[in-house]
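Reader: I should like to learn how to read the features of a protein model. May we take them one at a time?

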Amino acid sequence: MRKLFRLLFVALCAALPALPVGVFAQMRIDVSGVGATRYPIAVANFVTDNRVPRQIADVIRNDLVQSGAFRLVEQTGTLSESANIDFPALRSRGADAVLGGSVSRLADGRLDIRFQLSDPVRESAMGRSTLVVSEGDLRLAGHQIADYIYEKITGQKGIFATRIAFITKQNNVFRLTIADWDGENPSVALRSSEPIISPSWSPDGRRLAYVSFESQKPVVYVHSLSDAQRIAVANFRGSNSAPAWSPDGRSLAVALTRDGLSQIYLISASGEGAPVRLTTSSGIDTEPVFSPDGRFIYFTSDRGGAPQIYRMPATGGDVSRITFGSPYNVSPRVSPDGRTLAFISRRDIGLVLVVRDLASGSERVLSDGGREESPSFAPNSRWIMYATRSAGRDSLMAVSIDGRTKQRLSSDAADIREPTWGPFSR
Amino acid sequence: MKRSLTAAVALSLAALLAACSTPTPLEDKGAPIESRGDSAGAGSSAASAGIGDRSVRQLDVANDPSKDPFNDPNNPLSRRSIFFDFDSFVVKDDFRPVLEAHSRFLVANPTRKVVLQGNTDDRGSREYNIALGQKRADAVRRAMVALGVAENQMEAVSFGEERPRNSGTDESALAENRRVDLAYQ
């Protein structure tokens, strides 16, 4: 009998860590719309021996198509990085670029990935490179090659190798989940029977700040992803919420109610020291976010009677109102390039995502769902991810900054909400 | 014998599962805080950990729930939610007797503490709703201070829109979610 128990114990413990992955089996992406110009590219299957588990070219193709900036030109068969390319045939199919490569296994088990991007019109190489990765990182390598192509061709950094974090809710279980930018490859950083909201990546991409209600009130944590260690950095009397990282990663702006109504304070990311109060208003101040240069904090306040977005120096004082024209403007986010303010605004159809050019003040509505919330910029400032609700389910949308391409990340089994886009990987 | 063996296996499995989950300390294990008066069943989980003849049968001895002021529907202490109008932070007169009853109880029992949990409907920003829920919880706190309750017996916090009582979308559902819950510690 005892032996049976021991066997069961081993079997159960082996099975348990694998369980959460099944949750995401039904997660899916739907892409709609395309960019103004789509660059035609052929991505050949890479040359491999048969011991490589998946075709890396599929990852690259998916990334390029989902970006809305590329269109795939048919390419059958494999093509290595050093093969002679039939340029006239590619030209006749309209390809402006072609990618070939190979994957081979090194003696230590790692994979050696070589690739070359070529120009069929000039009949010359546009660039070539090599990656050496462990087998588990094959997908990441595909994303990195897609980033390489994106940057070569558009001149802008790609976001295919970045990660996102979001909250799933399924059967009243909340999971703080980390995934590739397209929702694939998910892993759970925190599971709780109480809500988790407002996750935010540290600038170094190693930690997340978030609000957890596990102790029956909102408390702000900073959570290190690799070792699951965390600190309650704001656990004061009342409610602690809305964490936003300073660009240097040393401090967080948060909303605290320790002195009454919600006000904005600065705390250290290590949880040490006393909070420094930054706002002193007779209304609600919340949802702080730093400008990328660290000089300003944008935030939501109803000091004028209704919630609007304001700006102040990062040390406090001297507040100026930024938004007008709607009785409800909330959830400000500044693009990493500092040019654009994204926020949620109540308009005729409901709550929508609006972007405002900070230099000219011109505004544009980027969504039409009417139940939008929690925008988050991609690190290249070219995409905004946000949460929306339709047909009784929360899902995520990513929209290109020109509004032309959208993709939805959804699951039939779970609500997905509170997206936050991680920084470029280093 | 067969029956008790089955029970023992089930219990052992539960213990094994618990053992499996211990290496992940970050998983939330906090049970919701309830009023002490809510726990009607005393000694509810007398786990019989033995095998065979050493098994122990569980006996439940419950308080008479109707004698507990928190559960007696005729006692205002059994009402522990204050509801608010849309976009309002004013405690309505209808709830005056409820707050008076709780305030009397807290004044008479100075060691008891209560958390005032503010809630909103799900319209708008989650974070702004945390701040709005806090405003409701603070309104209840101030009303109870005026009724003589010591500040250190109360903490006002907010769940914003995160803990709806009714997940519906019509106005009556939303109205159930605009509330402050009194949670005794």
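Author: Certainly. The model is a predicted one. Let us begin with exposure: a residue counts as exposed if 12 or fewer other C-beta atoms lie within 10 Å of its own. A125(A) has 12 such atoms within 10 Å, and therefore it is exposed. This residue belongs to strand β7 of chain A, which covers residues 124-133.

Reader: Which residues does A125(A) touch, apart from those up to four places away in sequence?

Author: A125(A) touches Q116(A) and S118(A). By contrast with such contacts, the C-alpha atoms of A125(A) and G422(A) are separated by 32 Å, with their positions 297 residues apart along the chain.

Reader: Is L72(A) exposed, or partly exposed?

Author: L72(A) is partly exposed, because 15 other C-beta atoms lie within 10 Å; the intermediate class applies between the limit of 12 or fewer for exposed and that of 20 or more for buried. L72(A) sits in strand β4 of chain A, residues 70-72. Setting aside residues up to four places away in sequence, L72(A) touches I41(A), V43(A), R61(A) and V65(A).

Reader: How should I think about the interior, and how many residues has the largest nonpolar core?

Author: In soluble globular proteins, nonpolar side chains tend to be buried together. Here the largest nonpolar core has 109 residues, and I60(A), L99(A), V254(A), I297(A), I384(A) and M385(A) have the most contacts inside it. Helix α5 of chain A, residues 138-154, gives the most to this core, with 6 residues. Another core, of 18 residues, lies apart from it and includes V91(B), V157(B), L182(B) and A183(B).

Reader: What is I60(A) in contact with, leaving aside its neighbours within four places in sequence?

Author: I60(A) is in contact with V43(A), L99(A), G142(A), I145(A) and A146(A). V43(A) is also among the residues that L72(A) touches.

Reader: At what angle do helix α2 and helix α3 of chain B pack?

Author: Helix α2 (residues 96-108) and helix α3 (residues 126-146) of chain B pack at an angle of about 60°, and their axes are 9 Å apart. The two helices are therefore oblique to each other, and their crossing is right-handed. On one side L99(B), H102(B) and S103(B) of α2(B) meet V140(B), A143(B) and M144(B) of α3(B).

Reader: Finally, which domains are assigned to chain A?

Author: The domain assignment gives domain 1 (26-154) and domain 2 (163-421). The C-alpha centres of these two domains of chain A lie 34 Å apart.

Definitions and conventions: Residues are numbered from 1 along each chain as its sequence is written. Chains are lettered from A and ligands numbered from 1 in the order in which they are written. This is a predicted model: local features need pLDDT of at least 70, side-chain atom pairs count only at pLDDT 80 or more; totals for chains, interfaces and linings use all residues. Domain bounds come from an automatic or database domain assignment. A nonpolar core is a set of buried Ala, Val, Leu, Ile, Met, Phe, Trp, Tyr and Cys residues joined through C-beta atoms within 7 Å. Helices (H or I, at least four residues) and strands (E, at least two) are DSSP runs, numbered from the N terminus. Two residues are in contact if their C-beta atoms, placed from the backbone, lie within 7 Å. Axes are lines fitted to C-alpha atoms, for helices over the stretch in contact, and angles run from 0 to 180 degrees between N-to-C directions. Angles under 35 degrees count as roughly parallel, over 145 as roughly antiparallel, 65 to 115 as roughly perpendicular and the rest as oblique. A crossing is left-handed if the near helix is turned anticlockwise from the far one by less than a right angle, and right-handed if clockwise.
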